[in-house]
Amino acid sequence: MVKFNRFTLSNGLRVIVHEDITTPMAVLNILYDVGARDEDPKQTGFAHLFEHLMFGGSVNIPNYDEPLQRVGGENNAFTSNDITNYYITLPAVNIETAFWLESDRMLSLAFSEKSLEVQRNVVIEEFKQRYLNQPYGDVWLNLRPLAYKAHPYRWATIGKEISHIEDARIGDVKAFFAKHYNPQNAIMVVGGDVTTAQVKKLAEKWFGPIPAGNKYNRDLPQEPEQLAARRQTVTAKVPLNALYIAFHMPARNDEHYHAVDLLSDLLSRGNSSRLYRTLVKDKQLFSEIHAYTTESLDAGVFVVDGKPVAGVSIETAEAAIWEELDKLKNEPVGIDELTKVKNKTESTMAFSEMSLLDKAMNLAYFELLGDAELFNLEAAQYLAITPLQIQHQSQDIFKKENSSTLVYLAE
C-alpha cells in the first residue's frame, strides 16, 4: 500500500506527494501526457527528439547536469508512444535544486539552432545504430505499420524515417513544445524524505508562475477491427530466421487488460511457461521465444516472437506456436498454473513498491490512467482473474484474421 497526498496548482499542474522518512533520498518525477502517438504523421520522432532537447539547457540554466551533480543528484528520461517521463533522484536535503531545474525546463527550453542541430545529430545517430544497423533493430519499424493502418501507433517512438528528424525546424519544435510541455499536461510526483507542506510551498514557488498553456482535445484516429491476416517477409543480415506475430488487444484501461497481461505470462514468463517448456525444451523448435503486450493507453498489440532453431522451417515453427495458442482457446487453464503466474505478478508488484523511483513513476502513470490510487488496487485485479476469463480473451485475440506476421529470413 503506497500512501500519498495530492493537490493541484492553479495552472493545472497535478502534484502527488509520497512521504517516506525511511530514506534520506528524494525523487522528483514529471510525466508529460505526450508521446509518439501525438505527432503529425509527416513529422514523427518529435516526442523522442524532445527528450534529448530537454537536457540541452533551459533559459536560465545553460548546463542541466552540472548543478545536479554538485548536489549529488542523478537524472534521466524515457519516451514511449504514450508518455514522456523525466526524473531526478537526489539527497532530500537538496530537493529544491530539482524543483529549480525542472521548473525552468517546463517554463522555457533554450531553443537555439545550435542545440537543435546537436540533438538532431544525436538522434539520427541513434536511429542508424539501434534501428538500422543492428540485427532485428528495425522490427518495430516494420511491425507497427503492418499491425496499424489508421492509429498513430503505426510508427515507432524514434520516428517513421530519418528524414523527419533531419527536416525538423526550430518553429515546428517550438510549437510542439508549447502544445504539450505545460503544467496542465503534466503530473508531478515528489517522493522520499519530504513533507506535503514543504512540497506545496516549493511547487507554488517554482511551478506556480508558469502559464497553464492551452488545453487541446486529443482526437486520434481509432484503429478499425482487423478482418484479414497480414504478412510481411524481410530478408536481412540477421544471424537466425525470426518470427513475430502481433495481435490486436484491449487498451490499458480496458476491463479485460489484466487477463490479457496474465495470458502473456502463462505463455512465456520463466522456464515453466508454456511456450518455453513445449517449444524450446521439449520439441526443441526454438532457440528462444517470448510473449508480451505493449501496455498501450489505446488498443495495443500482443506479440509472440521467436527464433527457430537452424534447420527448422518457418512453417513448422509457426504451426507450433498456433498449436499452443489454440490450446488456450480450447481448454481452460488449470488453477495451479494460473495461481503460479498470479503469484509472480504479485511479487513483481510488491518489489515495485520498494524502490522510491518506481513508486513515483507508478503513481504518476496511474494518475494519468485516471487515479493514482489504482496503483494500490492493481494486484487485487490480477488475483481476481479466472481461468474462464483467460480462455475468453484467448478466443477473442488469437484469431488468424487478427494477426500480423512478420518473418525475418537470414541472408
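Start by selecting residues 242–248 and 301–308 in this predicted model. These are strands β8 and β10, which run antiparallel and are joined by six bridges. To see one of the rungs, pick I245 and look across to V304, its bridge partner in β10.

Now widen the selection to the sheet these two belong to. It is an open sheet of five strands, ordered β7-β11-β8-β10-β9, and the pairing is mixed. At the edges you'll find β7 (230–236) and β9 (286–293), each of which pairs on one side only. Look along the sheet to judge its twist: ignoring direction, neighbouring strands are turned by 10° against each other on average. Next, add residues 257–268, helix α9. Helix α9 lies across β9 and β10, and its run makes about 170° with β9.

**Over to the other sheet**

Hide all that and bring up the open sheet of six strands, whose order is β1-β2-β6-β3-β5-β4. The pairing is mixed here too. Colour β1 (5–8) and β4 (74–79): they stand at the edges with a single partner strand each, so one side of each is left without a neighbour in the sheet. From one strand to the next, the twist averages 15°.

Zoom in on β6, residues 186–192. Which way do its partners run? Strand β3 (residues 25–32) pairs with β6 in the antiparallel sense over seven bridges, while β2 and β6 pair in the parallel sense over six bridges. Some residues worth labelling:

- L28, which stands opposite V190 in β6
- N29, which stands opposite V189 in β6
- H18, whose bridge partner in β6 is G191

Keep β6 selected and switch on a surface for everything else. Why is β6 largely enclosed by the rest of the structure? Seven of the seven residues of the strand are buried, so there is little of β6 left to see from outside. Here "buried" means under 20% relative accessible area. In a regular strand the side chains alternate between the two faces of the sheet. Check the two faces of β6 in turn: A186, M188, V190 and G192 are buried on one side, and I187, V189 and G191 are buried on the other.

Then add the helices that go with this sheet. Residues 196–206 are helix α8, lying across β1, β2 (14–19) and β6 and running at about 20° to β1. Helix α1 (residues 46–53) also packs on the sheet, where it touches β4 and β5 (84–91). The direction of α1 makes about 170° with that of β4.

**Finish with the pockets**

For the largest pocket, centre the view on F78, S80, T293, T294 and E295, which lie nearest its centre among 47 lining residues. About 1300 Å³ of space lies in there. Select helix α13 (residues 356–369) as well, since five of its residues make up the largest share of the lining. Colour the lining by class and you get 19 nonpolar, 16 polar and 12 charged residues.

The second largest pocket holds about 320 Å³ of space. Pick E225, H248, M249, D396 and N402 to get to the middle: of the 16 lining residues, these lie nearest the centre. Helix α15 (residues 387–397) gives the most to this lining, with three residues. By class, the lining of the second largest pocket divides into six nonpolar, five polar and five charged residues.

Technical notes: Residues are numbered from 1 along each chain as its sequence is written. This is a predicted model: local features need pLDDT of at least 70, side-chain atom pairs count only at pLDDT 80 or more; totals for chains, interfaces and linings use all residues. Side-chain values use heavy atoms; hydrogens and water are left out. Two strands pair if DSSP finds at least two bridges between them. Helices (H or I, at least four residues) and strands (E, at least two) are DSSP runs, numbered from the N terminus. Axes are lines fitted to C-alpha atoms, for helices over the stretch in contact, and angles run from 0 to 180 degrees between N-to-C directions. Contact means heavy atoms within 4.5 Å. Buried means under 20% relative accessible area, exposed over 50%, partly exposed in between (1.4 Å probe, protein chains only). On a 1 Å grid over the protein atoms alone, a cavity is a set of points where a 1.4 Å probe fits but cannot get out, and a pocket is an open set with protein on both sides within 12 Å along at least five of seven lines; lining residues have an atom within 4 Å of a point. Grid points are joined across faces, edges and corners, and a volume is the space filled by probe spheres set on the points. Ala, Val, Leu, Ile, Met, Phe, Trp, Tyr, Cys and Pro count as nonpolar, Asp, Glu, Lys and Arg as charged, and the others, Gly among them, as polar.
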